[in-house]
Amino acid sequence: MEYKSLRSLNANPSLLGFGCMRFPTKENGEIDEAEAEKMLDYAIANGVNYIDTAYPYHEGNSEPFVGRVLKKYPRDRFYLATKLPLWSLTEPADVERIFEEQCRRLQTDTFDFYLLHALDQEKWQKTLNLQIIPFLEKKQKEGRIGHLGFSFHDDYDTFQKILLYRKWDFCQLQLNYMDMNIQAGMKGYQLAAQNEVPVIVMEPIKGGRLVNLPQEFQARFLNECPNASLASWALRYAASLPNVAVVLSGMSSMEQVADNVKTFSPFVALNEKEQNIVDEVADLLHARVRNGCTGCGYCMPCPFGVNIPTNFKIWNETAIYAEKEKGQSSYRKLDQAAAEYCRKCGKCEALCPQHLPIRSDLKKVAAELTESELVR
């Protein structure tokens, strides 16, 4: 297993981290605890020492389950990471209440890595209003928190504001070879590197999408390395970035755990030829995008309730990954926020900084995602 020596943090986490949000489940939706425990045991036995969970994962059941499994291991055998659910906080007293609840759920007095969960502009303002950072800094001085950081889901400008607010021990970003210009993206990664803030990567396989590519794109990888999984290409891409400390994988089967452990035992960074193949596949996939919506939201709110950015996100991802049924299912779930409810008033187009033909594109979205066969 490959480990990263983080001298500034006096830590040596495994480059592969176990993300505890996608455990296998039973038909009733509950965690298949017997199988999930085997997976954690296998990962730990093969050198994985970074275990990442959060308060809401598996409808609140991930933390208690992880706590029970890890209790059988010496506390210095692993680094435990969890996250403060900012959306559940309404007053300063809530911070300590939930922090102590997490300690009980995870059967520990200390967290090695503790994160403000899913920061965006709104949650960051709440963090400041409730004076959460001074509380967590106090816990860090008391030895209850080893390293303090945050996970992030917003634009680069918001990330820059947060990252430069204080000296963070680490940050957690969504990075994969298709999303280097999404959210904080590569610019965020580079800013973190410039400020010597180690990056923990989430969604390196884009929720499984980079394993289920259209056949023509799978072939480009398999022709180069017939015995390498598509997941290994995505993981190696993220792990090859020098300022990445841990690459999290939300594994949901023993097969995935074994394959990912293999990828990092030992880890081999992408060489120039392999990097070019990844870049070529990413470019070709991006070329299938239907329109250039960035999800900025300037077009919102729509007077008629249409969720314009989400419609375009579904439309674009359906085209990129050739996911007809998944795209149609996601579209149906929009209900009255779906593209077909556009009344062509034009307000959105006057506000769009990309000058997209929103009305005509929404018409295309509705036509393609309500048909049995998508228009190509």
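**Parallel strands and aromatic pairs**

Strands E4 and E5 run parallel and are joined by six bridges. The model described here is predicted. E4 spans residues 111-119 and contains Phe-113, whose bridge partner in E5 is His-147. E5 itself comprises residues 145-152. Because seven of its eight residues are buried, E5 is largely enclosed by the rest of the structure.

On to E6, the pairing remains parallel, with three bridges joining E5 to E6. Within this pairing, Gly-149 has Phe-170 of E6 as its bridge partner, and Phe-150 stands opposite Cys-171. The connection from E5 to E6 passes through H7, and the resulting β-α-β crossover is right-handed. E6 is in turn paired with strand E7 (residues 199-202), again in the parallel sense, over four bridges. Gln-174 of E6 has Met-202 as its bridge partner in E7. Here the chain crosses from E6 to E7 through helix H8 (residues 185-194), and this β-α-β crossover is also right-handed.

The burial of E6 was examined residue by residue. Five of its five residues are buried, and the strand is accordingly described as mostly covered. In a regular strand, side chains alternate between the two faces of the sheet. In E6, one side carries Phe-170, Gln-172 and Gln-174, while Cys-171 and Leu-173 lie on the other; these residues are all buried, and both faces of the strand are thus covered.

Aromatic contacts were considered next. The count of aromatic pairs in the model comes to 19. One of these pairs is formed by Phe-113 and Phe-170, with the ring centres 5.1 Å apart and an angle of 75° between the planes, an edge-to-face arrangement. Since Phe-113 belongs to strand E4 and Phe-170 to strand E6 (residues 170-174), this pair ties together parts of the chain that are 57 residues apart in sequence. Phe-113 and Phe-170 are both buried.

A further edge-to-face pair involves Trp-124 and Tyr-165, at 5.0 Å centre to centre and with 85° between the planes. This pair also links distant parts of the chain: Trp-124 lies in helix H5 (residues 121-129), and Tyr-165 in the loop between helix H7 (156-163) and E6, 41 residues apart. The burial of the two partners was assessed separately. Trp-124 has a relative accessibility of 2% and therefore counts as buried, whereas Tyr-165, with a relative accessible area of 48%, is partly exposed. Both residues belong to a cluster linked by ring pairs, in which Phe-150, Phe-152, Phe-159 and Trp-168 also take part. Phe-150 of this cluster is the residue that stands opposite Cys-171 of E6.

Charged side chains also meet aromatic rings. The charged end of Arg-166 sits over the ring of Trp-168, at 4.7 Å from the ring centre; Trp-168 is itself one of the residues in the cluster. Elsewhere, the charged end of Arg-105 is placed over the ring of Tyr-55, with a distance of 4.3 Å to its centre.

At the level of the whole protein, the secondary structure comprises 16 helices and eight strands. A compact globule of 376 residues would have a radius of gyration near 21 Å, and the value for the protein, 21 Å, agrees with this expectation. Taken along the principal axes, the C-alpha atoms fill a box of roughly 60 × 55 × 45 Å. Of the 376 residues, 53% are buried. Among contacts with a separation of 6 or more, 74% are between residues 24 or more positions apart.

Helix H14 (residues 324-333) includes Lys-333. With a relative accessibility of 69%, Lys-333 counts as exposed. The C-alpha atoms of Lys-333 and Ile-132 are 36 Å apart in space, and the two residues are separated by 201 residues in sequence.

Conventions. Residues are numbered from 1 along each chain as its sequence is written. This is a predicted model: local features need pLDDT of at least 70, side-chain atom pairs count only at pLDDT 80 or more; totals for chains, interfaces and linings use all residues. Side-chain values use heavy atoms; hydrogens and water are left out. Rings of Phe, Tyr and Trp (its six-membered ring) pair if their centres lie within 6.5 Å; planes under 30 degrees apart count as stacked, over 60 as edge-to-face and the rest as tilted. Helices (H or I, at least four residues) and strands (E, at least two) are DSSP runs, numbered from the N terminus. Buried means under 20% relative accessible area, exposed over 50%, partly exposed in between (1.4 Å probe, protein chains only). A charge sits over a ring if NZ of Lys or CZ of Arg is within 6 Å of the ring centre and within 35 degrees of the ring normal. Two strands pair if DSSP finds at least two bridges between them. A crossover is right-handed if, with the strands pointing away from the viewer, the path from the first strand over the helix to the second runs clockwise. The radius of gyration is taken over C-alpha atoms; the globule rule is 2.2 Å times the number of residues to the power 0.38. Contact means heavy atoms within 4.5 Å.
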